[in-house]
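The following report describes a structure chain by chain and contact by contact, with the sequence and coordinates shown first for reference.

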Protein chains: 2
Amino acid sequence: MVLGEKLLMKLLILSRLMERNEWHIKELIRETGISSERLNKLLRELSKNYLMTYDESSIVWNPADIPSTLKPWGWRLYHYPVLGSTQDAARGHGPWSIVIAEYLIEAKGRHGRSWKANLGGIWATISLQVPSEWAPLLPIAASVIVAKTLNSLYKINAKIKWPNDIVVNGSKIAGILVEAEAFPNSFIAYIGIGINVNNNPGVEGAIALKDLVGLKPRNQLLASLIGRFSRMGKIVDEKEKLIKTYKEYLDTLGRKVIVETHSGVIEGIAEDLRDDGSIVIASEGRELVFDPITVLRLRYKD
Amino acid sequence: MVLGEKLLMKLLILSRLMERNEWHIKELIRETGISSERLNKLLRELSKNYLMTYDESSIVWNPADIPSTLKPWGWRLYHYPVLGSTQDAARGHGPWSIVIAEYLIEAKGRHGRSWKANLGGIWATISLQVPSEWAPLLPIAASVIVAKTLNSLYKINAKIKWPNDIVVNGSKIAGILVEAEAFPNSFIAYIGIGINVNNNPGVEGAIALKDLVGLKPRNQLLASLIGRFSRMGKIVDEKEKLIKTYKEYLDTLGRKVIVETHSGVIEGIAEDLRDDGSIVIASEGRELVFDPITVLRLRYKD
């Protein structure tokens with residue numbers, strides 16, 4: 001419960017800083033009811049996960065690190081201190097919206113797995129209304145967009161771990177979850193993106209951008225991602241190119257892998273990728289084809 | 001951490017309900033990102049601590065249970081979903097203000113002790129600027145006000161346990177903490193009042209009003225308390241009457257008690273109350289006088 005208390009205080013401070021990015025410390029004490037010594041300690045910790053500067057009298061949160069200051073053309077952006085999950089919140093906001101929260105109480109991963117969405121990362125759901133035939137390509141396109149954006153901005157050699165984790169040297173830096181709601185001729189896709197940016201991932205096998213290149217203002221990354229998602233039509237129209245790029249980023253082919261499904265665990269070599277996004281595993285002389293839906297977890301053996 | 005998550009979700013829901021007391025469930029899902037099954041469970045729990053009614057499509061929080069709907073004449077009232085402590089927040093709001101929060105992360109008790117300020121209670125700091133000579137009478141007056149208000153509204157036979165706990169049949173229903181800031185001719189008193197109203201105290205030896213008379217709208221109690229605090233001048237001017245009333249409410253005289261101080265623990269009979277609020281304890285043939293400042297804790301032996 002001590003951890004819970006500290007988190008609650010940090011969220012309280014963030015809520016105030018989202019109303020206004022500059023505060024006198026005295027005012028912030030008044031509006032949070034946190035004593036000055038305690039506040040000082042909390043600001044020291046927060047400034048390790050956010051671009052914030054403070055002294056004895058005031059605190060400033062760099063607007064380039066505050067998602068709500070972004071006004072992406074053609075999108076509605078909603079920024080919350082805390083949400084259950086951005087996927088659930090996005091359902092009510094309609095297509096072409098971006099829902100972002102600083103902390104998720106029940107972050108959703110693939111196959112209903114939970115994962116940590118803590119302070120300083122990017123936890124967002126981007127919703128778009130797209131033609132039905134785009135559906136199978138969206139997880140692939142989203143993975144490519146995230147990997148490409150990270151590499152072009154920060155030169156960190158991000159790769160894709162099948163089906164759509166983004167890894168750097170084998171450590172997970174971002175995850176993607178695509179959900180959809182179908183309508184007669186189109187559907188609304190809810191693309192959940194979690195990126196360890198300035199947060200402390202605190203999970204084994206995960207790494208944050210700040211561990212590689214130091215604290216970065218998140219809006220640069222967000223704006224670049226949103227720009228690429230705005231051009232989704234062009235990306236999926238060039239299907240062959242997209243799959244070729246996905247394969248180039250793929251870190252999984254040629255590796256010994258352990259594949260977990262509902263019906264058991266299989267070891268083998270990841271040999272090839274089919275155009276529909278399925279992976280071909282060579283195991284004991286057989287070739288097995290798995291699509292992302294049936295695979296609960298894929299791990300590298302080496 | 002499971003408890004922490006649930007609390008965070010409840011605070012998120014309360015924050016939204018403080019913006020507006022009526023919501024469609026769909027909108028509330030959108031603005032909290034909490035899934036509908038989960039939300040339903042949380043609303044069921046919240047309605048045990050708040051006057052809320054909900055069905056499949058909407059939720060209404062009774063305005064008579066929402067402190068911010070009170071507009072007490074001559075006072076500024078600030079209502080927060082969560083604060084560190086109302087005492088720390090009140091320091092920045094100046095005199096004649098009332099600071100209320102639904103949950104306190106670090107509630108302050110006497111002698112720096114912490115205590116639970118959880119959902120459904122009244123956790124408030126009332127600040128008033130008063131002449132210096134009122135100082136010693138404020139803890140006494142505040143205790144009388146709280147006990148009197150509870151009894152006149154709910155007929156629960158609330159008593160005062162020396163120095164300023166409010167008890168019903170020996171169980172604590174309310175606590176008072178008086179702090180002050182001195183100025184040349186006057187001082188600002190910060191009177192912290194915690195009352196177990198519709199919350200689950202969850203602490204041994206504590207009881208809530210709802211355990212005695214069922215859920216009650218908190219504003220009736222708050223308005224009555226504030227009315228009495230507005231007449232503080234009259235109350236302390238009639239000093240003899242005040243002390244007489246305090247003594248009438250006092251549950252402690254004649255009892256076997258255990259008194260803890262920094263210099264040790266003493267057992268004896270609580271014999272008398274001095275006009276300055278000190279208590280006289282008969283112990284092994286001696287008469288010992290304790291003032292509230294030196295007593296860390298007083299317990300009843302029987």
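A residue is called buried here if 20 or more other C-beta atoms lie within 10 Å of its own, exposed if 12 or fewer do, and partly exposed in between, the C-beta atoms being placed from the backbone. This is a predicted model, in which local features need pLDDT of at least 70 and side-chain atom pairs count only at pLDDT 80 or more, while totals for chains, interfaces and linings use all residues. Residues are numbered from 1 along each chain as its sequence is written, and chains are lettered from A and ligands numbered from 1 in the order in which they are written.

**The two copies and their interface**

Two copies of a chain are related by a rotation about an axis and a shift along it. With copies superposed by least squares on the C-alpha atoms of residues with pLDDT of at least 70 in both, a turn of 180° and a shift of 0.0 Å along the axis lay chain A on chain B with an RMSD of 0.0 Å. That is the relation of a two-fold axis, and within chain A the C-alpha nearest to this axis belongs to A:Gly4, at 2.8 Å.

Two residues count as being in contact if their C-beta atoms, placed from the backbone, lie within 7 Å. The contact between the chains takes 27 residues from chain A and 27 residues from chain B. On the side of chain A that touches chain B, at least two residues are supplied by each of α1 (2–19), α2 (25–32), β4 (76–83) and α4 (86–90) of chain A; helices (H or I, at least four residues) and strands (E, at least two) are DSSP runs, numbered from the N terminus. For the class of each residue, Ala, Val, Leu, Ile, Met, Phe, Trp, Tyr, Cys and Pro count as nonpolar, Asp, Glu, Lys and Arg as charged, and the others, Gly among them, as polar. By these classes, the side of chain A that touches chain B has eleven nonpolar, nine polar and seven charged residues. Because 100% of the interface residues of chain A are also interface residues in chain B, the copies meet through the same surface.

**Helices of chain B**

In helix α2 (residues 25–32) of chain B, the buried residues are B:Leu28, B:Ile29, B:Arg30, B:Glu31 and B:Thr32. After α2(B) comes B:Gly33, which has a positive phi near 65°.

Helix α5 (residues 138–154) and helix α9 (residues 239–249) of chain B have axes that come within 10 Å and cross at roughly 55°. That crossing makes α5(B) oblique to α9(B), given that angles under 35 degrees count as roughly parallel, over 145 as roughly antiparallel, 65 to 115 as roughly perpendicular and the rest as oblique. The axes are lines fitted to C-alpha atoms, for helices over the stretch in contact, and the angles run from 0 to 180 degrees between N-to-C directions. From α5(B) the contact draws on B:Ile140, B:Ala141, B:Ser143, B:Val144 and B:Ala147, and from α9(B) on B:Leu242, B:Ile243, B:Thr245, B:Tyr246 and B:Tyr249. By class, this contact of α5(B) with α9(B) has eight nonpolar, two polar and no charged residues.

**Two buried positions in chain B**

B:Gly194 lies in strand β10 (residues 186–195) of chain B and counts as buried, because it has 27 C-beta neighbours inside 10 Å. Leaving aside neighbours within four places in sequence, B:Gly194 is in contact with B:Ala107, B:Ala117, B:Gly121, B:Trp123, B:Ala174 and B:Gly175.

B:Leu250 is placed in the loop between α9 and β11 (256–261) of chain B, and with 21 other C-beta atoms within 10 Å B:Leu250 is also buried. Not counting residues up to four places away in sequence, B:Leu250 touches B:Ile160, B:Trp162 and B:Leu273.

**Backbone features in loops**

A cis peptide bond with omega about 0° joins A:Trp162 and A:Pro163, and A:Pro163 lies in the loop between β7 (159–161) and β8 (165–168) of chain A. In chain B, the peptide bond from B:Trp162 to B:Pro163 is cis, with omega near 0°.

Two asparagines of chain A have a positive phi although neither is a glycine, as tabulated below.

| Residue | Phi | Loop of chain A | C-beta atoms within 10 Å |
|---|---|---|---|
| A:Asn157 | about 55° | between α5 (138–154) and β7 | 13 neighbours, partly exposed |
| A:Asn169 | about 50° | between β8 and β9 (171–182) | 12 others, exposed |
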